[in-house]
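Thanks, everyone. I'll take you through one structure today, piece by piece. Please keep the view open as I talk.

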Amino acid sequence: MAGVTLDRITKVYSGDQRAVSDLSLDIADGEFLVLVGPSGCGKTTALRMIAGLEDITGGELKIGDRVVNHVPSRDRDIAMVFQSYALYPHLSVYDNIAFGLKLRKAPKDEIDRRVRTAAKSLDLIDFLERKPRALSGGQRQRVAMGRAIVRQPAAFLMDEPLSNLDAKLRVQTRAEIARLQRELATTTIYVTHDQVEALTMGDRVAVMKKGELQQVAPPQELYDRPVNLFVGGFIGSPSMNMFEATLRKEADGSLRADLGGQSLTLDPELVAARTGLGAYIGKPLILGIRPEEIEDAAIDPAAPADRRLRGVLKLREALGSEIMAHLEIEATPGRTDDSAELEADLGLSALGSDDTRVATLVARFSPRSKVELGQTVEMRVDTRNLHFFDPTNGLGIYERPPADHPPAQPAATQAAGDDSVSQPEGANS
């Protein structure tokens, strides 16, 4: 077992097509790191460079203390699990799992011990004599994992291994993978476009966009403190609601976010924690509200009037445990280059309005809500957990930078640094 270090790894294809740019990650021995991002962001290319299936254009890759840029894939001591199961159809489950060990001419008793140990941990003992065609999709994926486990590699590399499974099997199998990784304590790099997989499985999650690392952090930190608009919009399902807003200070010292026709009073604890907001009073910013922070006010009638929004219900999805409510509200959508790309990637624009003064809002309502289509709905917003972004550079607004703080870096590089954000022009320190 070993850690994996990527130091400014770059991949450029012919025609100057840059797939990965200066990717730096330090993955600890035994860590489960998830690479996540929309299609075409470079995550699979990065994984294939680690595996030795793609040449590295620039930078240095280390597995343990060894630089492996020019080491053949077979000599890197890694095991890869692919999206396709890549099983030999004419071999039994036993022989598929044992295949790599037989190639290495491992002793027969050692092969048998390792195969049966892996099969037991994957609940495959009763299927060892079957051929792959006699297995379900989930069982085939477990065989592919078993073939990787028996090699006892320095690192596991997994490229969207659950994408061919149905929803129920994905949930079950991702739990099995997470359990096995904890038991084996083997360094694991897992690629997925599914943010739910990323947040539930990884010790840390690295978010990529257009070949560049945006942010790497533990799942909860990524969710609570997205470094920029792209991460804030990509992480979370349904996606974070984004609106243009202007901050104003009331006579009593409180801060209100004016959405254009509607406004919200910010929670005092939130304002105290986000000291950087002081530089944006009277200036535009982008306000982010996660769907779970919004509830039908009829369920919570005690909610203050200054922490409510109104909207017209356009779509009601009853999911049993909750109602996914899609509403149109009087507000300006918080659209930037990042959010426009994100809407296209996630298919979020279908219900949007052409009127720039009307925004679509998605909320998670209690199943006790009685809202009906076409109804004007009063909603309670939990203003303790709002998010704020600078509209010029997309960076999250958190702590006020000190007076001698250098200018803010682009979002992609700052993601690996601190959480502060530069102040807008003309703002006092």
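Start with strand 1, residues 4–13, and strand 4, residues 58–63: five bridges join them, and the two run antiparallel. This is a predicted model, by the way. For one pair, look at threonine 10: its bridge partner in strand 4 is glycine 58.

Now widen the view. These strands belong to an open sheet of four strands, in the order 2-1-4-5, with antiparallel pairing. Which strands are at the edges? They are strand 2, 17–27, and strand 5, 66–67, and each pairs on one side only. Then there is helix 1, residues 43–51, which packs on the sheet. Helix 1 touches strand 1, strand 2 and strand 4. Its direction makes about 115 degrees with that of strand 1.

Next, helix 2, residues 93–103. Which of its residues are buried? The list is Val93, Tyr94, Asn96, Ile97, Ala98, Gly100 and Leu101. A reminder on spacing: an α-helix has 3.6 residues a turn, so residues three or four places apart point the same way. What covers the buried residues of helix 2? The cover includes helix 3, 108–121, and helix 4. After helix 2 comes lysine 105, with a positive phi near 60 degrees.

Helix 2 also takes us to a pocket. It helps line the second largest pocket, where strand 6 (78–81), helix 2 and helix 4 (137–149) each supply at least two residues. The volume of this pocket is about 510 Å³. Its lining has 18 residues, and Ile78, Ala79, Met80, Arg147 and Arg151 lie nearest the centre. By class, that lining splits into twelve nonpolar, two polar and four charged residues.

Last topic: enclosed space. Rolling a probe the size of a water molecule over the atoms shows where empty space is left. How many cavities of 30 Å³ or more does a search of the whole structure find? Three. The largest cavity has a volume of about 60 Å³. Helix 4 appears again here: along with strand 7 (155–159) and helix 5 (167–184), it supplies at least two residues of the lining. Helix 5 gives the most, with four residues. Among the lining residues are Val81, Met145, Phe156, Met158 and Leu184. What about class? Nine residues of this lining are nonpolar, one is polar, and none is charged.

So much for the tour. To recap one thread: helix 4 helps cover the buried residues of helix 2, helps line the second largest pocket, and helps line the largest cavity.

Terms used
Residues are numbered from 1 along each chain as its sequence is written. This is a predicted model: local features need pLDDT of at least 70, side-chain atom pairs count only at pLDDT 80 or more; totals for chains, interfaces and linings use all residues. Side-chain values use heavy atoms; hydrogens and water are left out. Two strands pair if DSSP finds at least two bridges between them. Contact means heavy atoms within 4.5 Å. Axes are lines fitted to C-alpha atoms, for helices over the stretch in contact, and angles run from 0 to 180 degrees between N-to-C directions. On a 1 Å grid over the protein atoms alone, a cavity is a set of points where a 1.4 Å probe fits but cannot get out, and a pocket is an open set with protein on both sides within 12 Å along at least five of seven lines; lining residues have an atom within 4 Å of a point. Grid points are joined across faces, edges and corners, and a volume is the space filled by probe spheres set on the points. Ala, Val, Leu, Ile, Met, Phe, Trp, Tyr, Cys and Pro count as nonpolar, Asp, Glu, Lys and Arg as charged, and the others, Gly among them, as polar. Buried means under 20% relative accessible area, exposed over 50%, partly exposed in between (1.4 Å probe, protein chains only).
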